[in-house]
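Work through the exercises below with the sequence and the structure at hand, and compare each of your results with the solution that follows it.

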Amino acid sequence: MNDKECMFPSVAIIGAGLMGHGIAQIFALSGRQVWLNDLDEQMLEQAVGNIRANLNLFVKNGLVSADEVGPALSRINTTTSLEKAAGQADYVVEAISENLTLKQDIFKELDEVCHPETILSTNTSVMSITEIAAKAANRSRIVGTHFWNPPHLIPLVEVIPGDDTAAETVEAAYSLLAEVGKYPVRVKRDVPGFVGNRLQHALWREAISIVDEGIAEAAEVDEVVKMGFGIRLPVLGPLENADLVGLDLTLAIHEYILKHLNASPEPAPILKRKIDQGYLGFKKGRGLQKWSEQEITDTRVRLANHLIQWNKARK
């Protein structure tokens, strides 16, 4: 490590679940000591197993060398004690479930047990950073860093200040994320959903509404996205596209179409109906569509392969 990398040599991850283990992997591969914390010892064991499997997959696909796996795993320490994990960390990432009260309590405790200069970040995907930090005394060191799932394969991390976050906290988090190979993007204001999830769920709201209104079947909606405008999104964002076609044409289209789009602040009725019927998606074999076990497996493999190939091209 050079001096710059030593700014945050020890990182604590609070929560070893869906996001936590992938975030731990990122920092361990960067050469930092990682403390992975969870209340569930079994979850910690499973997290280390998942990281080992991820790293082996990385080796198979040329994303890391075989020589990097052992050292990366050796840098990961696990503990059920939040104080033990965070008390010696220079940087903390909270990655627990999306429960505001629980997050507020966690940050109050982190603020009490961490060194005064330790930066505290939350991986919330939608919640207000200001609200999460509300119970902590030193709110200037609390910042939002929204990783995307799976965090070890998707580069984006949104960096969001709360109302009381110091500018130097934002810049330090941004710099660290760039150092470990992520693609940080600054969000100027603390609003629910930040940028990515506001865009994503605006699309989901319309897509689900189209199915609910009988305009098209769920599979056809997905096909329109995947085989249409979705193909160009990696190289042409929506605002680039608006400039490309011309803002005059964009305005003309919006003047006609926007009044016909779903603008309800409530979830689509079909969602509640499906849930009441027990149709929860992959976990039940049926949601907006029916899914066989093979189709579920194929979809997961297809997604993983796509993300791996994307990362290989980026490397």
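The exercises concern a predicted model.

**Exercise 1.** Determine where L120 stands in the sheet, and which helix packs on this sheet.

*Solution.* Begin with L120, which stands opposite I142 in β6. The two strands concerned, β5 (residues 119-122) and β6 (residues 142-147), pair in the parallel sense over three bridges. Next, place them in the open sheet of eight strands, whose order is β3-β2-β1-β4-β5-β6-β7-β8, with mixed pairing. Its edge strands are β3 (76-79) and β8 (183-186), each of which pairs on one side only. Neighbouring strands are turned by 25° against each other on average, direction ignored. Finally, helix α2 (residues 41-60) packs on the sheet, where it touches β2 (33-37) and β3, and its direction makes about 160° with that of β3.

**Exercise 2.** Classify the ring pairs F27 with Y91 and F282 with W291 as stacked, tilted or edge-to-face.

*Solution.* A search of the whole structure finds three aromatic pairs. The planes of F27 and Y91 lie at 45°, with ring centres 6.3 Å apart, so this pair is tilted. It links distant parts of the chain, since F27 belongs to helix α1 (residues 20-29) and Y91 to strand β4 (residues 91-94), 64 residues apart. F27 is buried at a relative accessible area of 0%, and Y91 is buried, also with 0%. For F282 and W291 the centres are 4.7 Å apart and the planes stand at 70°; because edge-to-face pairs are those with planes over 60 degrees apart, this pair is edge-to-face. F282 is partly exposed at 27% relative accessibility, and W291 is partly exposed with a relative accessible area of 25%.

Conventions:
Residues numbered from 1 in each chain as written. Predicted model: local features only at pLDDT ≥ 70, side-chain atom pairs only at ≥ 80, totals over all residues. Heavy atoms only, no water. Pairing = 2+ DSSP bridges. Helix = DSSP H or I, 4+ residues; strand = E, 2+ residues; numbered from the N terminus. Axes fitted to C-alpha atoms, helices over the stretch in contact; angles between N-to-C directions. Contact = heavy atoms within 4.5 Å. Phe/Tyr/Trp six-rings, centres within 6.5 Å; stacked < 30°, edge-to-face > 60°. Buried < 20%, exposed > 50% of the residue type's maximum accessible area, 1.4 Å probe, protein only.
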